[in-house]
Amino acid sequence: MRKRVIASIGVAGLMAAGLGGVALATGARQSATATKAVTLSEFKISKIGSFSSSTTSVTFTLKNGGKFPHDFVVVSGPTKSPAAAAVQLSPGKSKTVTMSLKPGAYLVVCKVGKGYHYSQGMVTTFTVGTFNPSTGTWS
């Protein structure tokens, strides 16, 4: 009995994965917007984490919880150019920014002080989707 249940779950999983692959292969990606609160302070950016592969945009609510100006710059992602221009925040201020994102890995830094804040640890990462190491692609 146990073997049949496990086999059934395995077949169902393979069928679901196959159906998901068809949707991605045809370019169909359902649009989903996520929201994430991010706090910047001396010398850290709060953890952002990961978003599902259905996420096509993220609205970041940024808050400067520090004593100095900080900025939020996405400097790396699946494209060659930055995903967004720098968003600078004065101490105690907040801003909201929405970014369109493709599946991939992103690097976020604070470039204040000609990179000094970045060098002191104001860096974080986040991902959209899942990386497939056998194909080297994100989906």
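## Strand pairing and the nonpolar core

S41 has its bridge partner in strand 2, and that partner is K44. This is a predicted model, so treat the pairings below as features of that prediction. The S41–K44 pair belongs with a short antiparallel pairing: strand 1 and strand 2 (residues 44-45) are joined by two bridges. Together they make a hairpin, with two residues sitting between the strands.

Strand 1 also has another partner. It covers residues 32-41 and runs parallel to strand 4, which covers residues 55-64, with nine bridges between them. If you want a spot to check in the viewer, try L40: its bridge partner in strand 4 is N64.

Here are the pairings side by side.

| Strands | Bridges | Direction |
|---|---|---|
| strand 1 and strand 4 | nine bridges | parallel |
| strand 1 and strand 2 | two bridges | antiparallel |
| strand 8 and strand 9 | six bridges | antiparallel |
| strand 5 and strand 8 | three bridges | antiparallel |

Now for the open sheet. It's built from five strands in the order 3-9-8-5-6, and the pairing is mixed. Which strands stand at the edges? Strand 3 (49-51) and strand 6 (87-89) do, and because each has a single partner strand, one side of each has no neighbour in the sheet. Neighbouring strands here are turned by 25° against each other on average, ignoring direction.

Strand 8 is a good place to look at the register. It spans residues 104-109 and pairs with strand 9, residues 123-128. On that side, L107 has T125 as its bridge partner in strand 9, while A105 sits opposite T127. Strand 8 also pairs with strand 5, residues 70-76, and there L107 turns up again, this time opposite S76.

What about the packing? In general, nonpolar side chains tend to be buried together in soluble globular proteins. In this model, the largest nonpolar core has 23 residues. Which of them touch the most other members? They are I48, F51, F60, L62, F72 and F126. Several elements feed this core with two or more residues each: strand 1, strand 4, strand 5, strand 6, strand 7 (94-100), strand 8 and strand 9.

That ties the two parts of the tour together: strand 1 and strand 4, which pair with each other, both contribute to the core, and so do strand 5, strand 8 and strand 9 from the open sheet.

Technical notes
Residues are numbered from 1 along each chain as its sequence is written. This is a predicted model: local features need pLDDT of at least 70, side-chain atom pairs count only at pLDDT 80 or more; totals for chains, interfaces and linings use all residues. Side-chain values use heavy atoms; hydrogens and water are left out. Two strands pair if DSSP finds at least two bridges between them. Helices (H or I, at least four residues) and strands (E, at least two) are DSSP runs, numbered from the N terminus. Axes are lines fitted to C-alpha atoms, for helices over the stretch in contact, and angles run from 0 to 180 degrees between N-to-C directions. A nonpolar core is a set of buried Ala, Val, Leu, Ile, Met, Phe, Trp, Tyr and Cys residues joined through side-chain atoms within 4.5 Å. Buried means under 20% relative accessible area, exposed over 50%, partly exposed in between (1.4 Å probe, protein chains only).
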